[in-house]
Amino acid sequence: MISQRMQNALNEQIKHELESAYLYLSMVAYFRAEAFDGMAQWMTVQAQEEFTHAMKLFDYIDESDGRVELSALAQPPKEWTSPLEAFQAAYQHEQFITEKIDDLMKLAIEVKDHAAQIMLQWFVTEQIEEESSVRKIVNLLARVGDSGHGIVMIDRELGKRIAVPAVSKE
Ligand code: OFO
């Protein structure tokens, strides 16, 4: 059975993952309003992925004989001054999430919860990819600037991202 401390910390992470989804959905609304439909598509898939992260933790707590508790979500920002600023904010957010995952892993080690350590390993690896994919977009946007042909090409490219199947519980 999961310890109370680990359960509380994982419930807190469910909130962070849902807030990630919420933040990225707010970016979808911003990109659509600015007619960057490709970026909106990319962020839609990102938000969907964040929901699967939350559900992975949800299922884990449930299967470990714990109790999921949901908290109120913070309202995300609504406006950014440019696509670059939005993706920079997404990158900073992913760095924040990586810190949270690292804290969870430290706790799992401290309380000798081997099952949680194995489950969290997936998130440790995932965060490398999460940071990397957003960082690459930030770098591209910084290179082309906020207008002109370059940003149209990036928007078109990002629009090719398609949803991946939900993360398996196995
Ligand atoms: Fe973006 O990885 Fe979850 O939050």
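These legends go with close-up views of a predicted model.

**View 1. Helix 5 and its buried side.** Take a look at helix 5, residues 149-158: its buried residues are Ile151, Ile154, Asp155 and Leu158. They sit on the same side of helix 5 because they cover an arc of only 100° around the axis. Flip to the other side of helix 5 and you find His149 and Arg156, which are exposed. As for packing partners, the buried residues of helix 5 pack against helix 2 (37-63), helix 3 (83-110) and helix 4 (114-144).

**View 2. A salt bridge in helix 1, Lys15 to Glu19.** The structure holds five salt bridges, and one of them joins the side chains of Lys15 and Glu19, at 2.9 Å from N to O. Lys15 and Glu19 are four residues apart in helix 1 (residues 4-33), so about one helical turn separates them. Both Lys15 and Glu19 are buried.

**View 3. A salt bridge in helix 3, Asp103 to Lys106.** Here Asp103 pairs up with Lys106 in a salt bridge, with 3.8 Å between the closest N and O atoms. Both lie in helix 3, three residues apart, which is about one turn of the helix. Asp103 is partly exposed, at 39% relative accessible area, while Lys106 comes in at 56% and counts as exposed.

**View 4. A salt bridge between Glu157 and Lys160.** The closest N and O atoms of this salt bridge, formed by Glu157 and Lys160, are 3.0 Å apart. Glu157 is partly exposed, with 48% relative accessibility. Its partner Lys160 is exposed, with a relative accessible area of 55%.

How values were computed. Residues are numbered from 1 along each chain as its sequence is written. This is a predicted model: local features need pLDDT of at least 70, side-chain atom pairs count only at pLDDT 80 or more; totals for chains, interfaces and linings use all residues. Side-chain values use heavy atoms; hydrogens and water are left out. Buried means under 20% relative accessible area, exposed over 50%, partly exposed in between (1.4 Å probe, protein chains only). Helices (H or I, at least four residues) and strands (E, at least two) are DSSP runs, numbered from the N terminus. The arc is that of the directions from the helix axis to the C-beta atoms. Contact means heavy atoms within 4.5 Å. A salt bridge is a side-chain nitrogen of Lys or Arg within 4 Å of a carboxyl oxygen of Asp or Glu.
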